[in-house]
Amino acid sequence: TTLLAGIASAGPVGDQYRTGAFGLQWNAGKSAIQTKYPGGTWDMDDKGRDRYCAASRQSLLKLPPQHQTRELCFLIGSDGTLASVTARMDASLPALLAVVNRSRTVFGDFDAVRRDEAAIQSRSTAMLWTRDKPYVVQVSSSNDADGRPQEVAFTVADEAALYAEGLAQV
């Protein structure tokens, strides 16, 4: 009974992603990721961490088929295992609204935000659900100069520090 009470109080992000994401456990190494999602490429993110991206069309948060993922990117964390997965979607306002609204339905209101504060008109925004640390969900978008989405992404991580920089609590 104590175990059930502990799990129940973990929160919606932890409940959904405690064991892993997109069919992989958080302790998955590079070979397990590449085996599950063959045909991708390895590179490094802007902080020098290993990243593997592969095309993958699959359902996200039980959204309709037009809002499926188009690519998954897996980031390797400080312990050499899977630290986060980013699902990139078709860049459109309907896709952004669908993933934001479904995330709010599933996880509640977001509790942190990150914006491109250097620009007069913000070109990027991220809404984060951080209450269930170390598990974090982030919905992010970037726009062109006319405000059209260039990227819509859904990220889940088990290393909160990857996404804690530059956050404003809401």
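Buried here means under 20% relative accessible area, exposed means over 50%, and partly exposed lies in between, with a 1.4 Å probe and protein chains only. The model is predicted, so local features need pLDDT of at least 70 and side-chain atom pairs count only at pLDDT 80 or more, whereas totals for chains, interfaces and linings use all residues. Residues are numbered from 1 along each chain as its sequence is written, and side-chain values use heavy atoms, with hydrogens and water left out.

**Exercise 1.** Determine why strand 6 (residues 82-89) is largely enclosed by the rest of the structure.

*Solution.* Strands (E, at least two residues) are DSSP runs numbered from the N terminus, as are helices (H or I, at least four). Eight of the eight residues of strand 6 are buried, so this strand is largely enclosed.

**Exercise 2.** Establish which strands pair with strand 6, and which residues stand opposite Ala-87.

*Solution.* Pairing requires that DSSP finds at least two bridges between two strands. Strand 5 (residues 69-76) is joined to strand 6 in the antiparallel sense by seven bridges, with Leu-72 opposite Ala-87. Strand 10 (residues 149-157) also pairs with strand 6 in the antiparallel sense, over six bridges, and there Phe-154 is the bridge partner of Ala-87.

**Exercise 3.** Identify which residues of the largest nonpolar core touch the most other members, and which element supplies its largest share.

*Solution.* Such a core is a set of buried Ala, Val, Leu, Ile, Met, Phe, Trp, Tyr and Cys residues joined through side-chain atoms within 4.5 Å. Among its 35 residues, Tyr-17, Phe-22, Phe-74, Val-99, Phe-154 and Val-156 touch the most other members. Helix 4 provides the largest share, six residues.
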